[in-house]
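Dear colleague,

Here is the structure I said I would pass on. My notes on what was found in it follow below.

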Amino acid sequence: MKLSTKTRYGTRLILDMAQHYGQGAIQLGEIANRQNISLKYLEQIIRPLKKANYVKSFRGAKGGHMLTKTPAEISVGEVVAVLEGGKTLVRCENDPENCERVDSCLTRYLWLEAAEAMFQRLSSITFADLMAINEGICKDGLIDFLTAAGDSNPNNS
């Protein structure tokens, strides 16, 4: 499975905003420069995040964008679900009436279970957890670190 570029860049967008949380509104152009992502593409990506109430926008000279929750209150799974259009891996989950095999397809259950496991794991990781990671951990034991961090994270209880 491949996550869309929209989701990968959107996750970077939220992480960048999390890293600057509490510093006031951030202009999308600043994030585009830091993340080396097209401003026009970020403008498209931020729309569903605003609609889902993860980001709020302000107009004017000191305008920009801010997270509506703390980084510890936003999970990666939530953001991925917003940007991917749900917590599914296969189209027949969202639109079963358009699949002629929906009642007899045994692999459908495999994909449903895989999606549930993936989103359960992504939902256990917050943007605060990601900010606590350093590059050495990423190379040497990201899963172990996140598992240990997730065990002690009160938001995951």
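Threonine 7 is a convenient place to start, and it lies in helix α1. Please keep in mind throughout that this is a predicted model. Threonine 7 has a relative accessible area of 1% and is therefore buried. Leaving out residues up to four places away in sequence, threonine 7 touches Val80, Leu83 and Glu84.

One of those partners, leucine 83, belongs to helix α4. Its relative accessible area is 6%, so leucine 83 counts as buried, the limit being under 20%. With residues up to four places away again not counted, leucine 83 touches Lys6, Thr7, Gly10 and Thr11, and also Ile45, Pro48 and Leu49. Leucine 83 and lysine 6 are 77 residues apart in sequence, while their C-alpha atoms are 6.7 Å apart in space.

Helix α1

Helix α1 covers residues 5-19. Its 15 residues should span 21 Å at 1.5 Å a residue, and because the C-alpha atoms at its ends are 21 Å apart, the model agrees with that expectation. The buried residues of α1 are Thr7, Gly10, Thr11, Leu13, Ile14, Asp16, Met17 and Ala18. Several of these lie three or four places apart in the list. In general, an α-helix has 3.6 residues a turn, so residues at such a spacing point the same way. The cover over the buried residues of α1 includes the helices α2 (28-35), α3 (39-51), α4 (76-84) and α7 (127-131), together with the strands β1 (55-58) and β2 (64-67).

Packing of α1 on α3

The axes of α1 and α3 are 10 Å apart, and the two helices pack at an angle of about 80°. An angle of 65 to 115 degrees counts as roughly perpendicular, so that is how α1 and α3 are placed to each other. On the α1 side the contact is made by Thr5, Lys6, Tyr9, Gly10, Leu13 and Ile14; on the α3 side it is made by Tyr41, Leu42, Ile45, Ile46, Pro48 and Leu49. By type, the residues of this contact divide into nine nonpolar, two polar and one charged.

The nonpolar core

Which residues have the most contacts inside the largest nonpolar core? They are Leu13, Leu42, Leu49 and Val55, in a core of 26 residues. Two or more residues each come from α1, α2, α3, α4 and α6 (106-123). The largest share is that of α4, which gives five residues to this core. As for valine 55, its contacts beyond four places in sequence are Ile14, Met17, Ile46, Leu49, Lys50, His65, Met66, Leu67 and Thr68.

Two asparagines with positive phi

Most residues other than glycine have a negative phi. Two asparagines are to be noted against that background. Asparagine 36 has a positive phi near 55° and sits in the loop between α2 and α3. With a relative accessible area of 70%, asparagine 36 is exposed. Asparagine 53, in the loop between α3 and β1, has a positive phi of about 65°. Is asparagine 53 buried or partly exposed? Its relative accessible area is 48%, so asparagine 53 is partly exposed.

Regards

How values were computed. Residues are numbered from 1 along each chain as its sequence is written. This is a predicted model: local features need pLDDT of at least 70, side-chain atom pairs count only at pLDDT 80 or more; totals for chains, interfaces and linings use all residues. Side-chain values use heavy atoms; hydrogens and water are left out. The expected span of a helix is 1.5 Å times one less than its number of residues. Buried means under 20% relative accessible area, exposed over 50%, partly exposed in between (1.4 Å probe, protein chains only). Contact means heavy atoms within 4.5 Å. Axes are lines fitted to C-alpha atoms, for helices over the stretch in contact, and angles run from 0 to 180 degrees between N-to-C directions. Angles under 35 degrees count as roughly parallel, over 145 as roughly antiparallel, 65 to 115 as roughly perpendicular and the rest as oblique. Ala, Val, Leu, Ile, Met, Phe, Trp, Tyr, Cys and Pro count as nonpolar, Asp, Glu, Lys and Arg as charged, and the others, Gly among them, as polar. A nonpolar core is a set of buried Ala, Val, Leu, Ile, Met, Phe, Trp, Tyr and Cys residues joined through side-chain atoms within 4.5 Å.
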